[in-house]
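Colleague: Could you show me how to read helix packing and chain contacts? I'm new to this.

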Amino acid sequence: MSTTFETVANIIAETCDIPRENITPESHAIDDLGIDSLDFLDIAFAIDKAFGIKLPLESWTQEVNEGKATTEQYFVLKNLCARIDELIAAKSA
Amino acid sequence: MRLEYFQMIDKVVELDLEARTLRTANTVPCESPIFEGHFPGHPLLPGVLLFEIMAQSCGMLLLRLHNYDRMAFLASVDKGKLRTFVVPGQVIDVFARLEHDGSGYARLKAEGRVDGKLVCNADVTLKTMPFPAPELRGYLLSTAERIGMPMGDAVIGTAERAGNLTHV
């Protein structure tokens with residue numbers, strides 16, 4: 001079974017045409033991989049479908065815009081995957 | 001259909017809130033300044049307007065599902081196909097289905113048919129956000145009334161779903 005990170009990295013590589021080897025758990029989706037908000041909608045759609053969840057993009061964006069969170073908390077891939085795992089766990093609970 | 005005002009949807013034929021689908025009927029006007037340039041002697045509905053018809057049908061479905069509490073803006077069109085010419089006077093039957101309602105966005109599938117023949121289809125992504133202006137919400141509500149969007153919980157329309165989106 002592939003890990004959350006492997007699934008997410010493969011989605012990003014396929015959706016944004018980024019070489020898979022350039023995508024690491026430490027990669028920042030925006031700053032390092034150059035993913036913009038429109039491309040991230042495609043990624044969110046693929047993640048939602050792959051894991052059966054709904055990434056709360058709106059609340060994340062609001063938190064960042066209001067200074068209550070940093071982009072690193074949600075868009076560094078290891079952190080994004082941790083959030084995904086939390087959402088999966090919450091769905092199963 | 002009033003092309004110059006981007007009023008692409010004429011009427012709602014079927015709304016199924018449970019299946020999250022909408023069917024609209026849209027008649028291409030026989031005359032429009034658009035046809036003077038597109039094209040002289042060979043009037044065709046521009047392909048971008050076929051995408052617009054599909055996008056508006058998707059948008060009206062999503063607004064209805066959200067009870068008009070948010071606006072939907074076209075973000076992307078994937079796998080768009082324009083399969084044949086559409087000419088003045090033809091009626092385009094558009095079917096839209098919500099595939100995924102995400103956070104701040106939605107993905108839908110849409111297709112248009114003329115006399116049962118598939119003329120266009122696409123995957124449509126809409127970005128959703130609070131209405132940026134109150135008059136915009138009012139305009140959309142008046143549009144919904146104009147096209148006969150049902151506001152109750154019931155399914156309307158009797159069209160068969162068989163064959164919908166089979167080519168998408």
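Modeller: We'll go through the helices, then the chain contact. This is a predicted model, where local features need pLDDT of at least 70, side-chain atom pairs count only at pLDDT 80 or more, and totals for chains, interfaces and linings use all residues. Residues are numbered from 1 along each chain as its sequence is written, while chains are lettered from A and ligands numbered from 1 in the order in which they are written.

Colleague: How do I describe two packed helices?

Modeller: You give the angle between their axes and the distance between the axes. Helices here are DSSP runs (H or I, at least four residues), numbered from the N terminus. Axes are lines fitted to C-alpha atoms, for helices over the stretch in contact, with angles from 0 to 180 degrees between N-to-C directions. In chain A, the axes of α1 (residues 4–16) and α2 come within 10 Å and cross at roughly 140°.

Colleague: What do we call the way α1(A) and α2(A) lie to each other?

Modeller: They are oblique (not under 35 degrees, over 145 or 65 to 115). Among the residues making that contact are A:I11 of α1(A) and A:I43 of α2(A); in contact means C-beta atoms, placed from the backbone, within 7 Å.

Colleague: And how many residues does each chain bring to the contact between chains A and B?

Modeller: Eleven come from chain A and nine from chain B. On the chain A side, α2 (37–51) and α3 (57–65) each give two or more, and α2(A) has the largest share, six residues.

Colleague: What about the whole stretch 2–88 of chain A?

Modeller: Residues 2–88 of chain A are 62% helix and 0% strand, with end C-alpha atoms 15 Å apart.

Methods: Two residues are in contact if their C-beta atoms, placed from the backbone, lie within 7 Å.
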